[in-house]
Amino acid sequence: MTYTELASSSGEAQTIVDTALRSAKPAELTPGKVYAFHTPKGVEQIDLTGDRYKDQPTRKRGTTTVRDAGSFLAYWDKHHDNASEVYADSDRLTVTAVLNAHSADEAAWGDHRLHLALRETTAWKQWLHSDGQLLDQEAFAEFLEDHLPELLEPSAADMLEIAQSFQAAQKVDFQSATRLTSGQRQFQYVETQTTKAGQKGQLTVPETFVIGLVPFEGSEGYRLTARLRYRIGQNGLRLGYKLERPDEIRRTAFADVVKAIGEQIDTAVMNGTPA
């Protein structure tokens, strides 16, 4: 009897195996388990234990950012526990709560956080931007007109009248300025218009004025004193103001936000930032 030997190369055998695997019906895998299987490239692994394979996450995590103390307290009330921690950073103007913080006896993930990042108001930024700058009469008058709601003392109506006086005194030659006993500043000028050339006049303005500003969105308002600055030179009269201690007001405003939060929670607000 004669036997015929059927031989196949290893490559052909692998092709047969690969074809069989591709033609096999898909197998259903169970979420929550890890599967390992052999492939031509080695052992492959499928991990089905992640949250995306579950009906709901295993635990809370992520960072939520809010912009005012009221929003911070609303989220805190909903998610904090007895181990939650709160940190205030006066340099960054932030308050951060670690909602799943370590307890005294057990470690925790510490990755569910609430972050209060205060935003400065538009008015506050505009007053700080022009602080210390000297503007021409028209620009200074327009600035006052644009910010009448923030002007407290003298009243907005009085400051509007002052602004309009500077706008009207465009074609004059300012020569000197005198400080009056009333605390006001009086500017002496000479008309340069053809019809009134040589006529003298004066403008009296307050040397200091008080403004009311809200430093942060959702925070309280604060009073700031602005001191009049001026310069009489070849380019005429230039005017501006210098705010008194705006950085101190900003720190006070932040401290008041932290205080408002601390009064509504049973957790001490620590000075610093979480790890």
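# A walk through a predicted fold

Start with Q137, which is in contact with F166, A169, Q170, F174 and L237, leaving aside its neighbours within four places in sequence. Q137 sits in helix 4. Is Q137 buried or exposed? Its relative accessibility is 8%, so Q137 counts as buried. The cut-off for buried is under 20%. Keep in mind that this model is predicted.

Now step back to the whole chain. The protein chain holds six helices and 15 strands. It has 275 residues, and buried residues make up 32% of them. Contacts also tell us how the chain folds back on itself. Take the contacts between residues at least 6 apart in sequence: 50% of them join residues at least 24 apart.

T96 gives an example of residues brought together from distant parts of the sequence. T96 and V269 are 173 residues apart along the chain, yet their C-alpha atoms are separated by 9.4 Å. T96 lies in strand 5, which covers residues 94–98. Its relative accessibility is 11%, so T96 counts as buried. What does T96 touch? Not counting residues up to four places away in sequence, T96 touches E85, V86, Y87, L114, H115 and P274.

Strand 5 leads us to strand 6. Five bridges join strand 5 to strand 6, and the two run antiparallel. In this pairing, T94 stands opposite A117 in strand 6. Strand 6 also pairs with strand 3 (residues 62–66), in the parallel sense, over five bridges. Here T64 stands opposite L114 in strand 6. Strands of a sheet pair through backbone hydrogen bonds, either parallel or antiparallel. How well covered is strand 6 (residues 112–117)? Strand 6 is mostly covered, with five of its six residues buried.

Next comes an open sheet. Five strands form it, in the order 7-14-13-12-8, and the pairing is antiparallel. Why is one side of strand 7 and of strand 8 left without a neighbour in the sheet? Strand 7 (135–136) and strand 8 (151–153) stand at the edges, and each has a single partner strand, so one side of each has no neighbour in the sheet. Follow strand 8 inward. Two bridges join strand 8 to strand 12 (residues 208–213), and these strands run antiparallel. L151 stands opposite I211 in strand 12.

Now look for the nonpolar core. In soluble globular proteins, nonpolar side chains tend to be buried together. The largest nonpolar core here has 53 residues, and those with the most contacts inside it are F72, V95, W127 and I261. Helix 6 (residues 246–262) gives the most to this core, with six residues. Which residues does I261 touch? Not counting residues up to four places away in sequence, I261 touches A69, F72, L73, V95 and L116.

Some space is left between the atoms. Rolling a probe the size of a water molecule over the atoms shows where empty space is left. How many cavities of 30 Å³ or more are there? The count comes to one. About 50 Å³ of space lies in the largest cavity. Its lining consists of F140, L144, M159, I162, F166, V205, P206, F209 and L228. Three elements, helix 4 (137–146), helix 5 (156–168) and strand 11 (200–206), give two or more residues to this lining. Helix 5 provides the largest share, three residues. The lining divides into nine nonpolar residues, no polar and no charged. One of the lining residues, F166, has already appeared as a contact of Q137.

The last stop is the largest pocket. The largest pocket has a volume of about 150 Å³. It is lined by 13 residues, and the closest to its centre are G218, S219, E220, V257 and A260. Helix 2 (69–79) and helix 6 are the elements that give two or more residues to the lining. Helix 6 gives the most, with three residues. What kinds of residue line the largest pocket? They divide into five nonpolar, three polar and five charged. The lining of the largest cavity, by contrast, has nine nonpolar residues and no polar or charged ones. Helix 6 thus turns up twice on this walk: it gives the most to the largest nonpolar core and the most to the lining of the largest pocket.

Notes:
Residues are numbered from 1 along each chain as its sequence is written. This is a predicted model: local features need pLDDT of at least 70, side-chain atom pairs count only at pLDDT 80 or more; totals for chains, interfaces and linings use all residues. Side-chain values use heavy atoms; hydrogens and water are left out. Two strands pair if DSSP finds at least two bridges between them. Helices (H or I, at least four residues) and strands (E, at least two) are DSSP runs, numbered from the N terminus. On a 1 Å grid over the protein atoms alone, a cavity is a set of points where a 1.4 Å probe fits but cannot get out, and a pocket is an open set with protein on both sides within 12 Å along at least five of seven lines; lining residues have an atom within 4 Å of a point. Grid points are joined across faces, edges and corners, and a volume is the space filled by probe spheres set on the points. Ala, Val, Leu, Ile, Met, Phe, Trp, Tyr, Cys and Pro count as nonpolar, Asp, Glu, Lys and Arg as charged, and the others, Gly among them, as polar. Buried means under 20% relative accessible area, exposed over 50%, partly exposed in between (1.4 Å probe, protein chains only). Contact means heavy atoms within 4.5 Å. A nonpolar core is a set of buried Ala, Val, Leu, Ile, Met, Phe, Trp, Tyr and Cys residues joined through side-chain atoms within 4.5 Å.
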